Amino acid sequence: MTGQRTPTPLSDLSLQSHFQQLPDHHYQQVQPSPLRNPYLVSVNSDVAHKLGLDLCTLHPDELAEFGSGSRLFNSSQPIAMKYTGHQFGAYNPQLGDGRGLLLGEHLGPDGLLRDFHLKGAGKTAYSRFGDGRAVLRSSIREYLAGAAMAGLGIPTTEALCLVGSSDTVIRDGFPEPCATVLRVTPCHIRFGHFEHLYHSHRFNELQQLSQYVIDRYYPDCAKSDNPPLLLIRQIIQRSASLVAQWQAYGFVHGVMNTDNMSIIGETFDFGPFQFMDSYKADQVSNHSDHQSRYAFKRQPDIMLWNLFCLAQCFMPLVTGDGAEEAKTAQGLLEYELAEFSGYYKACYLNLMRQRLGLSVDPKQDQGDQQLIDELWRLLEAQQTDITLFFRLLSETPEKEQRHKLAGITTQAKAFEIWLDRYHQRLLVENSDTALRLTAMQKVNPIYLLRNYMAQEAIERAYQGDMGRVNELLILLRDPFNKHKVLEQYVGPAPQWASGISLSCSS
Ligand code: AMP
Ligand code: MG
């Protein structure tokens, strides 16, 4: 219960269509092509709660119909959005929603408008050579990843439900079951929406889009002397904060193309992502990323590169046109982009200090960055599990840490010098151990969506058992507390997990 409003049954839910007030070259109206024999795989009750939906009256079959496109919500006017983007560094003007439809916007009991987007809803004008479908495998990963990110407190899209079907499509030469994910987030506007308008010289429409984004997502920018300039500054800040959170939790996005970047700084469009078990700075998640463009350690630089692409589209927005103005605009935008590194470093240091139970007063340096860098080097050299390591620090008083490390690493001795320095640093802090450990346990999860966990859930689902998806959902939504189910997921990944390979084929 929300306490603010009586929960709404699904069939009474009405969607709004603010985005459709923009000119129609932003989108194309398309009806979903429903999947055959849809069945509910899972519903995320946290998301239902946020939306003010009454789970007691949510009949699984009804949800499967809405969640597969065979039934439309009241007043829904589905559209495929047009956007472009830089994919692996090259501009592609041909993009757009090729298999997902924006069904409309839902006003939640919290007063927030959230988009309902159906991924896997069939072909659109932007499908190019694609079939408009998503397979169960990638849909399970996207569904669980949204829940896992939200559980960690990292900004993300989520999904209300995951629906399976008897329809199949061919992937890598084999038939695979189709599925749909009903994605829920306040925003489906990507960097690529701005790129589409800028590169096709539609500057009036660019102006309209910028105004729309300010009105809906960044209302305080309207008060500024130069709203678009404040807008790009805030997008840069949110994007820096997002990538700092990915780096602090060992998340590899996999395909950081500008069409996969949300302008509100949420983790968006999960493809071949992974949370690393043990730290590897060079980790590449997508096996077709032959140049390692999207390797873990490059993610902050790539985010900045993506923001550069976005900032270019702001040139006509921040000043008038004309050569002199263009020079001024370039100077202003370059200044904003130069601030990225400072935002990123501050967010990252703050998060890592929290993970280590250190004071987050930004004025105190204490050599923390060096301590953190050294720790990652050590974790990488020893191939020690990141999640187990931080949780151990959060559950163990200093005196016992050295001894306990022996349980999670083959070379506990290698950590001795680092632990001494860490303990020295804690002395400066002079914090209460019990209080510090409690605070650390709120930022250092017991559970993470490890690759092999998703893989096991997928394998079972392909044998008709959807139970594991739902069990994982429970752990991932609340990863900081121990759960009675699935005891094995408290421990490290098994040996076979290192062989899992991820592709874009989804
Ligand atoms: P992604 O790699 O999922 O971020 O998608 C990149 C582009 O390809 C977007 O324009 C997608 O809508 C489109 N796309 C991906 N998969 C399909 C598919 N199976 N059918 C149609 N379009 C697709
Ligand atoms: Mg995408």
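In what follows, Ala, Val, Leu, Ile, Met, Phe, Trp, Tyr, Cys and Pro count as nonpolar, Asp, Glu, Lys and Arg as charged, and the others, Gly among them, as polar. The exercises concern a predicted model.

**Exercise 1.** Describe the largest cavity of the structure by its volume and by the classes of the residues that line it.

*Solution.* Begin with the search of the whole structure, which finds four cavities of 30 Å³ or more. The largest cavity has a volume of about 50 Å³, and of the 13 residues that line it, L242, M261, S262, E266 and M303 are the closest to its centre. Next, sort the lining by class, which gives six nonpolar, six polar and one charged residues. Finally, ask which element gives the most to this lining: it is helix α6, residues 227-248, with three residues.

**Exercise 2.** Decide whether T156 is buried or exposed, and list the residues that it touches.

*Solution.* Locate T156 first, in the loop between α3 (136-152) and β9 (158-171). Its relative accessibility is 7%, and because buried means under 20% relative accessible area, T156 counts as buried. Then look for its partners: leaving aside residues up to four places away in sequence, T156 touches G146, M149, A150, E266, T267 and F270. One of these partners, E266, is also among the lining residues closest to the centre of the largest cavity.

**Exercise 3.** Compare the backbone and the exposure of D269 with those of S292.

*Solution.* As background, most residues other than glycine have a negative phi. D269, however, has a positive phi near 55 degrees, and S292, which is not a glycine either, has a positive phi of about 55 degrees. Both sit in loops, D269 between β11 (251-252) and β12 (274-275), and S292 between β12 and α7 (299-313). As to exposure, D269 is buried, with a relative accessible area of 13%, whereas S292, at 29% relative accessibility, counts as partly exposed.

**Exercise 4.** Judge how compact the chain is for its length.

*Solution.* Start from the inventory of 17 helices and 12 strands. The radius of gyration of the chain is 23 Å, close to the 23 Å that the globule rule gives for 506 residues, so the chain is as compact as a globular protein of that length. To complete the picture, note that buried residues make up 58% of the 506 residues, and that, of the contacts with a separation of 6 or more, 73% are between residues 24 or more positions apart. The chain exposes about 20700 Å², of which carbon and sulfur atoms supply 51%.

Methods: Residues are numbered from 1 along each chain as its sequence is written. Chains are lettered from A and ligands numbered from 1 in the order in which they are written. This is a predicted model: local features need pLDDT of at least 70, side-chain atom pairs count only at pLDDT 80 or more; totals for chains, interfaces and linings use all residues. Side-chain values use heavy atoms; hydrogens and water are left out. Helices (H or I, at least four residues) and strands (E, at least two) are DSSP runs, numbered from the N terminus. Buried means under 20% relative accessible area, exposed over 50%, partly exposed in between (1.4 Å probe, protein chains only). Contact means heavy atoms within 4.5 Å. On a 1 Å grid over the protein atoms alone, a cavity is a set of points where a 1.4 Å probe fits but cannot get out, and a pocket is an open set with protein on both sides within 12 Å along at least five of seven lines; lining residues have an atom within 4 Å of a point. Grid points are joined across faces, edges and corners, and a volume is the space filled by probe spheres set on the points. The radius of gyration is taken over C-alpha atoms; the globule rule is 2.2 Å times the number of residues to the power 0.38. Accessible areas come from the Shrake-Rupley method with a 1.4 Å probe; for residues, only the protein chains shown count as cover.
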